[in-house]
Amino acid sequence: MIEVSNLTKCYANSTVMAVDNLSFEVKEGEVFGFLGPNGAGKSTTIKCLTGILPFKDGNIKICGFDLKDDTIKAKQNIGFVSDNHAVYEKLTGREYVNFMADIYNVSANDRDAIVENLLQKFDLKTAYDDQIKTYSHGMKQKICVIGALVHNPKVWILDEPLTGLDPKSAYELKELMKEHCKKGNCVFFSSHVLEVVEKICDKVAIISKGKLITVCGIHELKEKRADLSLEDFFLSITNEIPVSEMHDDNNIFEMNASDNIDNASKNNNNVEKENVEADKKDDVR
């Protein structure tokens, strides 16, 4: 549903690649986590995926539509929740959602059915007719989610979606993401909350300094090393070389992350041994 091939993005007046030859695929029914340290290129990638940022090199397809050649058709299949709540704050919640629905030509009956359910989930009914500028941070996040889902998009993209949400709303959002995929859609989201990613994702991609490090199935990680958490794996693998240099072929769609998991396990064990040795030295002193 999302196909990214050799995506490269460099900002003006910079010689550093914000995204460097990035390739991955997100399939129908997948919750796909996009991970990386600060400044790794996650937000740049997401802005390219949603058509916010232009890119010169590489290709992006959304549900088979090329983002460069069939921009409108590609974007019609995307629902996007940004990390900065880019909404028209002088509108009421109802006006904003109707504006989004009108853009995507959603009928009155269809939008009402979708919105009613989401308002109930997010406990936003009483504030729906208030101006968005009166909303709290979490409420703005909720109305952005409703606006992104009002046209029932095939591809739902979120950038740090859990920031500012109360526990109940965070739970409802995670359930929504899973439900969305069960309907034959996909979810692509970035997050620094690795415990959440580990629980709800089918697959993760990890990038560092604009380069893809690995694509790994969560179940594969758990089967290979049940004692190795996603956090351990992430902290170790972000110090590894890019996947393009670790494999003879660059076909990451068929790559096996077992070597990366083994490396992460070894690194984790080495750290534990070093800590034990350090403790012994302290005891001697």
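## Exposure and a surface patch

A residue is called buried when its relative accessible area is under 20%, exposed when that area is over 50%, and partly exposed in between. Phe-99 has a relative accessibility of 34% and therefore counts as partly exposed. The model described here is a predicted one, and within it Phe-99 belongs to helix α3, which covers residues 93–103. Together with Tyr-88 and Ile-103, Phe-99 forms a nonpolar patch on the surface, and the accessible area of these residues together is about 310 Å².

## The chain as a whole

The protein chain contains 11 helices and 10 strands. Of its 285 residues, 49% are buried, and the accessible surface of the chain comes to about 14600 Å², with 46% of that surface belonging to carbon and sulfur atoms.

The contacts can also be described by how far apart the partners lie in sequence. Among contacts between residues at least 6 apart in sequence, 68% join residues that are at least 24 apart. A single pair of positions gives a picture of separation in sequence and in space: Asn-105 and His-151 are 46 residues apart in sequence, while their C-alpha atoms are 8.0 Å apart in space. Asn-105 is found in the loop between α3 and α4, and because its relative accessibility is 68%, it counts as exposed.

## Two helices packed together

Helix α4, made of residues 108–122, packs with helix α6, made of residues 167–182, at an angle of about 145°, and the axes of the two helices are 9 Å apart. On the side of α4 the contact is made by Leu-118, Lys-121 and Phe-122, and on the side of α6 by Lys-168, Ser-169, Glu-172, Leu-173, Leu-176 and Glu-179. When the residues of this contact are sorted by character, four are nonpolar, one is polar and four are charged.

## Salt bridges

Side chains of opposite charge can pair when their charged atoms come close. A search of the whole structure finds 10 salt bridges. One of them joins Glu-89 and Lys-140, with the closest N and O atoms 2.8 Å apart. Glu-89 lies in the loop between β6 (78–81) and α3, whereas Lys-140 lies in helix α5 (residues 137–149), so this pair ties together parts of the chain that are 51 residues apart in sequence. The partners are not equally covered: Glu-89 is partly exposed at 31% relative accessibility, while Lys-140 is buried, with a relative accessible area of 15%.

Another salt bridge is formed by Lys-142 and Asp-166, and here the closest N and O atoms are 3.4 Å apart. Because Lys-142 lies in helix α5 and Asp-166 in the loop between β7 and α6, the pair ties together parts that are 24 residues apart in sequence. Lys-142 counts as buried, at 8% relative accessibility, and Asp-166 counts as partly exposed, at 35%.

## Charged pairs and helix α6

A salt bridge also joins Lys-178 with Glu-175, the closest N and O atoms being 3.0 Å apart. These two residues are three apart in helix α6, which means that they are separated by about one helical turn. Lys-178 is partly exposed, with a relative accessible area of 31%, and Glu-175 is likewise partly exposed, at 22% relative accessibility. Elsewhere, Lys-121, Lys-168 and Glu-172 are joined into one network by salt bridges that share partners. Lys-121 of α4, and Lys-168 and Glu-172 of α6, are also among the residues that make the contact between these helices.

## Two residues with positive phi

Cys-63 is not a glycine, and yet its phi is positive, at about 55°. This residue is found in the loop between β4 (57–62) and β5 (65–66), and with a relative accessibility of 26% Cys-63 counts as partly exposed.

Glu-160, which is not a glycine either, has a positive phi of about 50°. Its place is in the loop between β7 (155–159) and α6. Unlike Cys-63, which is partly exposed, Glu-160 is buried, because its relative accessible area is 17% and the limit for a buried residue is under 20%.

Methods: Residues are numbered from 1 along each chain as its sequence is written. This is a predicted model: local features need pLDDT of at least 70, side-chain atom pairs count only at pLDDT 80 or more; totals for chains, interfaces and linings use all residues. Side-chain values use heavy atoms; hydrogens and water are left out. Patches are made of residues with over 30% relative accessible area and no salt bridge: like charges are joined within 9 Å, nonpolar side chains (Val, Leu, Ile, Met, Phe, Trp, Tyr) within 5 Å. Accessible areas come from the Shrake-Rupley method with a 1.4 Å probe; for residues, only the protein chains shown count as cover. A salt bridge is a side-chain nitrogen of Lys or Arg within 4 Å of a carboxyl oxygen of Asp or Glu. Helices (H or I, at least four residues) and strands (E, at least two) are DSSP runs, numbered from the N terminus. Buried means under 20% relative accessible area, exposed over 50%, partly exposed in between (1.4 Å probe, protein chains only). Axes are lines fitted to C-alpha atoms, for helices over the stretch in contact, and angles run from 0 to 180 degrees between N-to-C directions. Contact means heavy atoms within 4.5 Å. Ala, Val, Leu, Ile, Met, Phe, Trp, Tyr, Cys and Pro count as nonpolar, Asp, Glu, Lys and Arg as charged, and the others, Gly among them, as polar.
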